[in-house]
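Welcome! Please take a moment to look over the sequence and the model, and then we will walk through a few places together.

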Amino acid sequence: FEVERELREAIANNQLELYLQSQQLSNGEVVGVEVLVRWNHPTKGIVSPGVFIPIAEMSDLIVDLGRWILRAALQVLKHLPGQQTLAINISPRQFRKYDFVYQIEREVVKAGVDASRLILEVTENLLVDDVDDVVAKMKALQKSGVQFSIDDFGTGYSSLSYLSQLPLHELKIDQSFVQGIGEEEKEQLVETVIAMGNNLNLRVVAEGVETKQQVEFLSACSAQVVCQGYYFAKPIPASEYLANQSQQ
Ligand code: G
Ligand code: G
Ligand code: MN
Ligand code: NA
């Protein structure tokens, strides 16, 4: 696999770059960021993770890639102001590794960051099989303070009974629902997920927020809902994000 070889070189040659997208309350107050990785390919330019993550996931390459991202992201977390959180996407194959808990704990300790500001985003499909293993790992990491978020919530196959067994901190409403704001059925779904999240004491993040109308609908559902999307900010290189922060 040509791309796989190139991707190994990319890790070794620092061609991967972390981008950050801010997450804010509807009044604009920033509460955290999501890390979105990019590949600065020497000839192809910027390659999207939507292209290379699935390739990395076909082998244990995702484990090395995941470790690189985690290390780089924890260095970013050190420089985020106040109590802002930092969210990282975790691939199922990475999560499934027997030493996943140890890997995360070790890197957190090495970086010297407050684990409770680290959020690991997993998708519902991780919960489709071997739920016991998933629950055990999440509970172990929760003891260290690490938080968990369900990404793309509403698009997967997890059951509510499994979700209720998990030590979760956050739900991220999938952007397809947010972009449906304006249509009655989608609005009802968004409203229902926000109400459920509030009842379960979870932080609710709406993804893919692009318009003022969407922000107004979301904030009318709940003043605590966190918005992430182009309306507020695009993902930008972490170096740029941190430079902007220090100017404020
Ligand atoms: O940033 P978008 O920007 O294009 O991301 C595309 C997809 O890649 C999303 O599904 C996102 O969750 C995933 N992704 C982005 N960064 C990472 C990462 O660091 N690790 C993993 N596993 N997935 C990522
Ligand atoms: O799968 P995950 O939810 O981690 O990935 C989020 C994806 O959504 C990334 O590809 C990110 O670049 C993209 N994204 C972030 N904000 C917006 C937005 O406002 N609109 C759209 N269409 N995509 C967005
Ligand atoms: Mn995500
Ligand atoms: Na998502």
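Is Y162 buried, exposed or partly exposed? Keep in mind that this is a predicted model. Y162 is partly exposed, because 15 other C-beta atoms lie within 10 Å, while a buried residue would need 20 or more and an exposed one 12 or fewer. You can find Y162 in helix α7, which covers residues 160-165. Leaving aside residues up to four places away in sequence, Y162 touches L127 and V131. G45, by contrast, is 117 residues from Y162 in sequence and 41 Å from it in space, C-alpha to C-alpha.

Next, let us turn to helix α3, made up of the 18 residues 61-78. From its first C-alpha to its last, α3 reaches 26 Å, close to the 26 Å expected at 1.5 Å a residue. The buried residues of α3 are L61, I62, L65, G66, I69, L70, A73, L74, V76 and L77. An α-helix has 3.6 residues a turn, so residues three or four places apart point the same way.

One of those buried residues, I69, also belongs to the surroundings of ligand 1. There it is joined by V35, L36, V37, S48, P49, G50, I53, N89, S91 and P235. Two elements give two or more residues to this shell: β2 (30-41) and α2 (49-56). By class, the shell around ligand 1 has seven nonpolar and four polar residues, with no charged ones.

Finally, move on to ligand 2, which has 13 residues around it. N89, G208, E210, G229 and Y230 come nearest. This shell has four nonpolar, five polar and four charged residues. N89 appears here as well as around ligand 1.

Conventions: Residues are numbered from 1 along each chain as its sequence is written. Chains are lettered from A and ligands numbered from 1 in the order in which they are written. This is a predicted model: local features need pLDDT of at least 70, side-chain atom pairs count only at pLDDT 80 or more; totals for chains, interfaces and linings use all residues. A residue is near a molecule or strand if its C-beta atom, placed from the backbone, lies within 6 Å of it. Helices (H or I, at least four residues) and strands (E, at least two) are DSSP runs, numbered from the N terminus. Ala, Val, Leu, Ile, Met, Phe, Trp, Tyr, Cys and Pro count as nonpolar, Asp, Glu, Lys and Arg as charged, and the others, Gly among them, as polar. Two residues are in contact if their C-beta atoms, placed from the backbone, lie within 7 Å. The expected span of a helix is 1.5 Å times one less than its number of residues.
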